[in-house]
Amino acid sequence: MSTLLDNLDSPLAIGTLQWGTTPVDKSIINPHGVISETEAAHIVAEATKAGVTIWDTAEGYGGGTSEKRLGRLLPPDTSIVLTKFLPVPWRYSHACFERAVRESCKRLDVKTIPIYLLHSPVHWRPVEFWVEAAAICKKKGLIQAMGLSNCNADQVKRAVTAGKQYGIAIVTNQVHYSLLCYNSPALQEMEVACRELNVKILGFSPIGQGLLTDGLTTERYESNRPAKMLRLQWDDLVPLRACLRELATKYEKSMAQIALNWCICHDVVPLVGCRSVKQAKDSLGCIGWQLELNDLEKLNDLALSKSTLQSPGWRRSIFVTLFGIVMIVCRTLDWMGYGIVKEAAV
């Protein structure tokens, strides 16, 4: 298990939500079009060269076509892949969980998944039920360890306790972690729990899908999904963005690199989505240096408190259900022979 935890000390993690290859990914998930195989291969090479070992995917990303792409492109024995089980309401048994694990193994072209995550704790089955399912899969050699996603402090504690009971380690919790939510009581409580229980935090949306970058305009702000989800007002961002811009000038870095390095300084692995080599190189510019303590504290003070952990359960449940429907559509297209649009194959 120490090997897994050592690998989770990767300076950065690459997310592949937008690496699906179906017509749905082309028309809905990726408004700028799907990523070509050649571009994805160059991103893998660039990130691997920089020491990145963590690659994040899920069975729901492109109906599993994101997993297939990682299975084709990742160098063996040098990467740790995290994929996820989507607990939609119609999945209710340990057999459902095991079937999903086995299907992900096939798509990733592996016999064992290093870390298998519960994509959401929102389900009519308690989190302990899914921990037991993961432990069964571990005994069968299908997974090595379990991770969580979008879990609060209480859910993390319950999962770790269940893991000790059933014989599987809970090694990570993947949550929204950025300057947009740092001062949320729910997030800080979760962070304390994870530190105490040796559960590594992987932070998705560390730059707020563009909210904390140089390229944000009022037009892009209006269409930004995190801004809508978190009910952010433009004025909420002004002091924080001004500080990021000031520090970017001081360190000769981009605003995104400052925001990502801030995560690293908090011992959180930032999980960034990469659509191009240019984007990957910019993200990789956050490693190899560190913010000074006074600058870190300045950002801490200006951070907002808009955590997704505070979203009502019914809203999260609707999201999981809709995501599950999209997964089925993408998977059906893949089964019918439409799994890779021509733009993704080149």
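This is a short talk about the predicted model of one protein chain shown above.

Hello everyone. Before we look around, a word on the ground rules: the model is predicted, so local features need a pLDDT of at least 70 and side-chain atom pairs count only at pLDDT 80 or more, while totals for chains, interfaces and linings use all residues. Residues are numbered from 1 along each chain as its sequence is written, and side-chain values use heavy atoms, with hydrogens and water left out.

Let's start with the whole chain. How many helices and strands does the protein chain have? There are 16 helices and eight strands; these are DSSP runs, numbered from the N terminus, with at least four residues of H or I for a helix and at least two of E for a strand. Along the principal axes, the C-alpha atoms fill a box of roughly 50 × 45 × 40 Å. For 346 residues, a compact globule would have a radius of gyration near 20 Å, and the chain agrees with that because its own value is 19 Å. That radius is taken over C-alpha atoms, and the globule rule is 2.2 Å times the number of residues to the power 0.38.

Now, inside and outside. Of the 346 residues, 56% count as buried. Buried means under 20% relative accessible area, exposed means over 50%, and partly exposed is in between, using a 1.4 Å probe and protein chains only. The chain exposes about 15000 Å², and carbon and sulfur atoms supply 55% of that. Those areas come from the Shrake-Rupley method with a 1.4 Å probe, and for residues only the protein chains shown count as cover.

What about contacts, meaning heavy atoms within 4.5 Å? Among contacts with a separation of 6 or more, 81% are between residues 24 or more positions apart.

Let's zoom in on His119. Where does His119 lie? You will find His119 in the loop between strand S4 (113-118) and helix H6 (127-139). His119 counts as buried because its relative accessibility is 12%. Setting aside neighbours within four places in sequence, His119 is in contact with Ala58, Tyr61, Lys84, Phe85, Leu86, Pro87, Ser149, Asn150 and Phe323.

Phe85 and Leu86 come back when we turn to Arg91. Not counting residues up to four places away in sequence, Arg91 touches partners including Phe85, Leu86, Glu59, His123, Trp130 and Arg331. Arg91 sits in the loop between strand S3 (80-85) and H5. Is Arg91 buried or exposed? At 10% relative accessibility, Arg91 counts as buried. The C-alpha atoms of Arg91 and Arg125 are 9.5 Å apart, with their positions 34 residues apart along the chain.

Another loop residue to find is Ser36, between helix H2 (23-29) and H3. Ser36 is buried, with a relative accessible area of 17%. Leaving out neighbours within four places in sequence, Ser36 is in contact with Arg69, Glu343, Ala344 and Val346.

Next, a helix: H13, residues 277-284. Which residues of H13 are buried? They are Val277, Ala280, Ser283 and Leu284. These residues lie on the same side of H13 because they cover an arc of only 125 degrees around the axis; the arc is that of the directions from the helix axis to the C-beta atoms. Their cover includes helix H3 (37-49), helix H12 (255-265) and strand S8 (269-273).

Helix H12 also holds Ile264. Ile264 is partly exposed, with a relative accessible area of 29%. Apart from neighbours within four places in sequence, Ile264 is in contact with Pro11, Pro270, Cys286 and Ile287. If you measure in your viewer from Ile264 to Tyr338, the C-alpha atoms are separated by 40 Å.

Let me finish with two backbone angles. Asp267, in the loop between H12 and S8, has a positive phi of about 60 degrees although it is not a glycine. Asp109 has a positive phi too, near 60 degrees, and Asp109 lies in the loop between helix H5 (94-108) and S4. How do the two sit relative to the surface? Asp267 is partly exposed at 43%, whereas Asp109 is exposed, with a relative accessible area of 63%.

Thanks for listening, and do take a turn with the model yourselves.

Technical notes
Contact means heavy atoms within 4.5 Å.
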